[in-house]
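Ready for a few short exercises on strands, helices and charged pairs? Have the model open, try each task, then check the steps below it.

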Amino acid sequence: MDNSSYRRQFIESYVSDYRFTELSIRTFEDIWKRIEKAEKALEKTLEDGYSKEDYINLLERLNVATIPVLTVMKSKILQYVEYINAAGLISDECVKALKAVTIKDLKVAGYYDSRYFKDFPSLQDAIDSTLIAAERVDDAIFGTAITAIYLAWCGLTIEEAMQVKKSEVLDDCIVTAGKTIRPITQIMEYIKDYRDATEYKSLGRAIITLKYVPSEWLLRNTRCDRFDQGQRLRISINQFGNSSEESKNLFNYDKIYWSGVYSRAYIYERTYGVIQANDVAKIEEIFGEKYSTVALANRRLYDYHLFREHFFPTYTPPSKEEA
């Protein structure tokens with residue numbers, strides 16, 4: 001049996017298993033096509049026997065950058081590695097080497113730069129750069145999208161953002177969904193201006209004035225009195241980002257939301273010290289989620305730690321006296 005036949009046999013045994021759905025089989029096959037493509041780039045196959053460094057290079061080629069994805073990908077590869085180990089093709093050391101790989105071994109800088117904004121100034125720079133590059137006669141044409149971006153940064157989920165009423169936007173805070181949000185002055189002033197706006201200029205064959213549909217809801221546009229579907233709001237945000245080739249696909253509601261959450265977690269730690277693992281109540285308070293297990297809470301905390309280590313590598317917690 002040549003080396004390639006081991007893999008064909010392994011994949012065929014999975015595909016023939018009646019327990020798996022057509023979708024799961026297709027997903028399995030797609031994963032192995034990606035693995036084989038990565039192997040070709042590395043000029044070395046799993047059947048040749050991988051060291052820990054080889055596995056790290058392979059997983060990085062597969063763009064693995066989070067714990068959940070690493071867990072899934074390692075389990076898929078491990079099934080096969082154990083299969084060819086049992087057949088005597090590779091040594092026990094090759095199996096141990098894969099099991100030893102952790103998320104900390106992988107270079108994820110590009111992933112975190114694309115997935116998060118470091119802080120509010122970096123988000124604002126992206127907004128300003130998009131406005132500069134976009135062709136428009138009035139910045140207010142993007143008022144709905146930018147307001148939604150600010151609400152995401154301030155910690156409102158997309159469902160909560162769509163429920164905000166104009167009357168809930170006060171002079172120095174937003175009181176909605178049982179929350180009191182106190183944005184920085186720059187955000188607060190922008191949202192108040194958007195709240196009170198009735199129209200903006202647009203360029204068609206000539207400069208024209210477009211009027212917002214009268215509404216009690218904060219997020220609205222010239223065609224509807226409110227956004228009641230998250231997908232429609234996401235499209236509005238994406239259209240803003242896509243208005244400039246320089247900023248294409250830069251904005252995403254969830255990306256902005258978690259960037260804001262993690263940025264505030266970092267500010268919290270600089271003031272009060274490190275958020276402790278296993279402290280579910282504190283982790284829920286800081287990250288605004290409920291966790292059914294300690295493990296899930298710690299997973300969120302660990303992802304934040306990777307964010308902090310990437311963007312703020314010189315961070316040191318305050319002393320007890322400072323805190």
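A quick cut-off before we start: buried means under 20% relative accessible area, exposed means over 50%, and partly exposed is in between. Keep in mind that this is a predicted model.

**Exercise 1.** Work out which side chains of strand S3 are buried.

Solution. Walk along residues 199–203 and you'll see the side chains alternate. Tyr-200 and Ser-202 share one face and are buried. Glu-199, Lys-201 and Leu-203 point to the other face and are not buried.

**Exercise 2.** Find how S3 and S4 pair, and what stands opposite Leu-203.

Solution. Start with the direction: S3 and S4 (residues 207–211) run antiparallel, with five bridges between them. Now pick out Leu-203; its partner across in S4 is Ile-207.

Next, look for a charged pair. Lys-211 and Glu-199 make a salt bridge, with 2.7 Å between the closest N and O atoms. Lys-211 sits in S4 and Glu-199 in S3, so the contact ties together parts 12 residues apart in sequence. Lys-211 is exposed at 54%, while Glu-199, at 34%, is partly exposed.

**Exercise 3.** Decide whether Arg-308 and Glu-269 are buried or exposed.

Solution. First, the contact: the two side chains meet in a salt bridge, 2.7 Å from N to O. The pair links helix H14, home of Arg-308, to helix H12, home of Glu-269, across 39 residues. Then apply the cut-off: buried means under 20%. Arg-308 has a relative accessible area of 12%, so it is buried. Glu-269 comes in at 0%, so it counts as buried too.

Notes: Residues numbered from 1 in each chain as written. Predicted model: local features only at pLDDT ≥ 70, side-chain atom pairs only at ≥ 80, totals over all residues. Heavy atoms only, no water. Buried < 20%, exposed > 50% of the residue type's maximum accessible area, 1.4 Å probe, protein only. Helix = DSSP H or I, 4+ residues; strand = E, 2+ residues; numbered from the N terminus. Pairing = 2+ DSSP bridges. Salt bridge = Lys/Arg side-chain N within 4 Å of Asp/Glu carboxyl O.
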